[in-house]
Amino acid sequence: MASTKISEIADSIMGPFATLMLKQAHFPPPEDFPLKVLDNACGPGTVTLRILSSLSSHDKAKLELSCADISELMIGSLSQKIESGSWKNVKAFVADAMDTKLPSSSFTHIFFNFVPFILPLPLVGLRECHRMLAVGGTLAFTGWKSNGWADEFREALDHDPDLPPFPSNAQIMQMMSQEEVPTRWDNEDTVKTYCKKVGFTDVEVCVEVNETRWQNVGVVETMLPWTFGLVMNKFWTKQEIERWQDRGSEAIMKYFKEKYGTGEVTWSWKALVVTAQKSPLLQSGLAS
Ligand SMILES: C[S@@+](CC[C@H](N)C(=O)[O-])C[C@H]1O[C@@H](n2cnc3c(N)ncnc32)[C@H](O)[C@@H]1O
């Protein structure tokens, strides 16, 4: 299982929530509805793939799908998929979700799967979605309430008291924030408040759970740069990383090998799935 590609692992973690997000957004809409869609901070195209597989050929013919991400690597890999799949009316380009330069009031749907909370200024990204949505359009996004690995990693590192501390779950959720007072995207009430604050109406926030099951601990090792690596870079000093990185990784792998042996690794992921509308009545005034 150590050879499982990170893109497949990412899809098995975020994909089921993308499917639930599309469902909660009532996507695809009825057949006579226009489809000008933005997969915002699209990554490898987790949502795009599900959009395409959910549409009839009639709907695909009228679809205009834009996929935007700040990472050239992501856009490069998605552009290859678009080309090799001969996907019609789908384009991928680099854009910053906090300032996309895309036209105002132009999209019927914006999907933002596992994004606002990873932006330096999440509310700026949310407000940008409101600006780009057509009146009557739908925004749908997701964010973690709890992730699969943090509690077990903390427990693993607690066994070695010399190691620098591992952050709390709340600190991990807010680790990308550059806000003076970090906003909270793992709480139903605060997320609802933020959506209303930037002008959205009919905000619906649901808590959904998904369990991933992997054949063995190899997957934990594959994911270390995106889990432990990310946390170290945010919370440990350069000297601490140099000194303790290997010992930390060893402590984590030892813990998992002792706990799961050669058996399956099961992780539970809890996410908020959010849908909101740009209402005709409130489009001006509240959103500024
Ligand atoms: C957790 S991944 C989610 C990707 C995708 N939505 C999915 O469902 O697989 C976050 C993505 O946001 C992108 N990203 C981070 N900061 C961004 C920004 N300021 N503007 C646009 N994309 C950004 C990253 O490059 C990455 O692809």
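Setting aside neighbours within four places in sequence, Ala 276 touches Leu 139, Cys 195, Phe 200, Asp 202 and Val 203 in this predicted model. Ala 276 sits in strand S7, and it counts as buried because it has 29 C-beta neighbours inside 10 Å. One of those contacts is also a strand pairing: Leu 139 stands opposite Ala 276 in S7. Being 16 residues apart along the chain doesn't keep Ala 276 and Tyr 260 together, though, as their C-alpha atoms are separated by 41 Å.

Strand S7 (residues 265-277) has a partner in strand S5 (residues 133-146), and the two run antiparallel with 8 bridges joining them. S7 also pairs with strand S6 (residues 201-214), again antiparallel, this time through 12 bridges. Within that second pairing, Val 209 has Lys 270 of S7 as its bridge partner. As a rule, side chains in a regular strand alternate between the two faces of the sheet.

Helix H8 (residues 188-197) comes next, and one of the contacts of Ala 276, Cys 195, is found there. Val 191, Tyr 194 and Cys 195 are the residues named as buried in H8. Looking down the axis of H8, these buried residues fall within an arc of 100°, so they line one face of the helix. The cover over them includes helix H5 (122-132) together with strands S6 and S7. Just past the end of H8, Gly 199 takes a positive phi of about 115°.

Helix H10 (residues 228-235) can be looked at in much the same way. Its buried residues are Phe 228, Val 231 and Met 232. They sit on the same side of H10, because they cover an arc of only 100° around the axis. That fits the general pattern for an α-helix, which has 3.6 residues a turn, so residues three or four places apart point the same way. Here the cover comes from elements including helix H6 (150-158), helix H7 (169-173) and helix H11 (238-260).

Moving to an earlier part of the chain, strands S2 (residues 64-69) and S3 (residues 90-94) pair in the parallel sense over 5 bridges. One bridge in this pair links Ala 68 to Phe 93 in S3. How do S2 and S3 fit together with helix H4 (residues 72-84)? The three make a right-handed β-α-β unit. Leu 73 has its place in helix H4. Buried or exposed, where does Leu 73 fall? Leu 73 counts as exposed, because it has 9 C-beta neighbours inside 10 Å and the cut-off for that class is 12 or fewer. Leu 73 and Val 94 are 21 residues apart along the chain, yet their C-alpha atoms are separated by 9.5 Å.

Then there is the ligand. Its surroundings take in 20 residues, and Ala 41, Gly 43, Thr 46, Ala 97 and Asn 113 come nearest. The elements that give two or more residues to this shell are helix H1 (6-24) and helix H2 (46-54). Sorted by class, the shell has 14 nonpolar residues, 4 polar ones and 2 charged ones.

A few spots in the loops have backbone geometry worth pointing out. The peptide bond from Phe 27 to Pro 28 is cis, with omega near 5°, and Pro 28 lies in the loop between H1 and strand S1 (36-40). Ser 105 has a phi near 50°, a positive value in a residue other than glycine. This serine lies in the loop between S3 and strand S4 (107-112), and Ser 105 counts as partly exposed because there are 13 C-beta neighbours inside 10 Å. Phe 114 likewise has a positive phi in a residue other than glycine, near 55°. Phe 114 belongs to the loop between S4 and H5, and it is buried, with 21 other C-beta atoms within 10 Å.

Key
Residues are numbered from 1 along each chain as its sequence is written. This is a predicted model: local features need pLDDT of at least 70, side-chain atom pairs count only at pLDDT 80 or more; totals for chains, interfaces and linings use all residues. A residue is near a molecule or strand if its C-beta atom, placed from the backbone, lies within 6 Å of it. Helices (H or I, at least four residues) and strands (E, at least two) are DSSP runs, numbered from the N terminus. Ala, Val, Leu, Ile, Met, Phe, Trp, Tyr, Cys and Pro count as nonpolar, Asp, Glu, Lys and Arg as charged, and the others, Gly among them, as polar. Two strands pair if DSSP finds at least two bridges between them. A crossover is right-handed if, with the strands pointing away from the viewer, the path from the first strand over the helix to the second runs clockwise. A residue is buried if 20 or more other C-beta atoms lie within 10 Å of its own, exposed if 12 or fewer, and partly exposed in between; C-beta atoms are placed from the backbone. The arc is that of the directions from the helix axis to the C-beta atoms. Two residues are in contact if their C-beta atoms, placed from the backbone, lie within 7 Å.
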